Amino acid sequence: MSKLEQILLLDPPCDLRFKGPFTDVVTTNLKLKNPSDRRVCFKVKTTAPKRYCVRPNSGIIDVGATVTISVMLQPFDYDPNEKSKHKFMVQSIFAPPNVAEMDAMWKDVKPHDLMDSKLRCVFDLPSENNEVIDVDLSSHATPPVQNSPKAAPVLTAAKTASVSTNASEMRKLTEECKRLQAEMDKLTAENRQLKDDGVRMRRAAQRSDHMTSNQTSSSSSMMQQTTAASLPSLLVVIAAIFIGFFIGKFIL
């Protein structure tokens, strides 16, 4: 049995576009319209349930009614490789006459009664948005608006705001550079002071070593002189002892 075509009208029909930056929650809307003469149950699924919050993610759409679904992308670090990885699927079935429990109904639904549509997630950064806008303008051959008298004040205000923002940023950068330069001068002065202190300490140590060396040399010289002075006296005493010994021996 062939699969049923999606009865709901999706807006947008193929892509869910999320415009960055993605440092905060980014929300896009998906509209589901029921053009049939029967009530339709719907359910929204995604391949990345931890990255998105969908409200409502299921429900019943009355005949001719439209439901707006908010798809909220959680903050994350943008990676260009994830542009086409995340997908959404909208499943739908014709509502039974009496719907008591939605979960039980979806659990017991037969595959050939299901209708579904798939949507691809597209992440747009501001620069990418500008490129898309340029392509759309050239493809539709829209006349230029810079000559319009109403557009001139808007462009002038935008330029003024841009110049003001740039001037404020330049002032901030200049103040930051001055602060960094002052810190560098302070560190240079401290480094010079440390070098001077080190030189003085080395000189003081050298003078102390020199004085200690001189004292040691003086003490050694004095000891040598004392030894030299006492040596002849000792020899005289020894000679006198020997002479007395010999004289006493011959006399006796």
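Let's start on strand β5, where the side chains alternate: Tyr52 and Val54 point to one face and are buried, while Cys53 and Arg55 point to the other face and are not. By buried I mean under 20% relative accessible area, with exposed being over 50% and partly exposed in between, using a 1.4 Å probe and protein chains only. That pattern fits the general rule that in a regular strand the side chains alternate between the two faces of the sheet.

Before going on, some housekeeping. This is a predicted model, so local features need pLDDT of at least 70 and side-chain atom pairs count only at pLDDT 80 or more, while totals for chains, interfaces and linings use all residues. Residues are numbered from 1 along each chain as its sequence is written, and side-chain values use heavy atoms, with hydrogens and water left out.

Okay, the overall picture. The chain has three helices and nine strands. Those are DSSP runs numbered from the N terminus: helices are H or I with at least four residues, strands are E with at least two. Walking from the N terminus, you get β-β-β-β-β-β-β-β-α-β-α-α. Of the 252 residues, 19% count as buried. And if you take contacts between residues at least 6 apart in sequence, 71% of them join residues at least 24 apart; contact here means heavy atoms within 4.5 Å.

How far can we trust it? pLDDT is the predictor's confidence in each residue, from 0 to 100. The chain has a mean of 77, and 69% of its residues reach 70 or more. Among the elements, β1 has the highest mean pLDDT, 97, and helix α2, residues 126–140, has the lowest, 44. Over residues 128–152 the pLDDT is below 50, and that stretch has eight contacts in the model beyond near neighbours in sequence. Where pLDDT is low, the predicted coordinates should not be read in detail.

Now back to β5 and the sheet around it. Four strands make an open sheet in the order β1-β3-β7-β5, with antiparallel pairing. The edge strands are β1 (9–11) and β5 (52–55), each pairing on one side only. Direction ignored, neighbouring strands in this sheet are turned by 20 degrees against each other on average. For the angles, axes are lines fitted to C-alpha atoms, for helices over the stretch in contact, and angles run from 0 to 180 degrees between N-to-C directions. Two strands pair if DSSP finds at least two bridges between them.

So who does β5 pair with? Its partner is β7, residues 66–73, antiparallel over four bridges, and valine 54 has valine 71 of β7 as its bridge partner. Over at the other edge, β1 and β3 (residues 26–33) pair antiparallel over three bridges, with leucine 10 matched to leucine 32 in β3.

Stay on β3 for a moment, and find lysine 31 in that strand. Is lysine 31 buried or partly exposed? Partly exposed, because its relative accessibility is 41%. Leaving aside neighbours within four places in sequence, lysine 31 is in contact with Leu9, Leu10, Asp11, Thr66, Val67 and Thr68.

The other sheet is open too, with five strands in the order β2-β9-β8-β4-β6 and mixed pairing. Its edge strands are β2 (15–19) and β6 (58–61), each pairing on one side only, and the twist averages 25 degrees from one strand to the next. Within this sheet, β4 (residues 40–46) and β6 run antiparallel and are joined by four bridges. One spot to look at there is phenylalanine 42, which stands opposite glycine 59 in β6.

A couple of loops are worth a click. Aspartate 11 and proline 12 are joined by a cis peptide bond with omega about 5 degrees, and proline 12 lies in the loop between β1 and β2. There's another cis bond from arginine 55 to proline 56, with omega near -10 degrees; proline 56 is in the loop between β5 and β6.

Last thing, the cysteines. How many disulfides does the structure hold? Zero, where a disulfide is a pair of cysteine sulfur atoms within 2.5 Å. Cysteine 53, from our opening strand, counts as partly exposed because its relative accessibility is 22%, whereas cysteine 121 is at 0% and so counts as buried.
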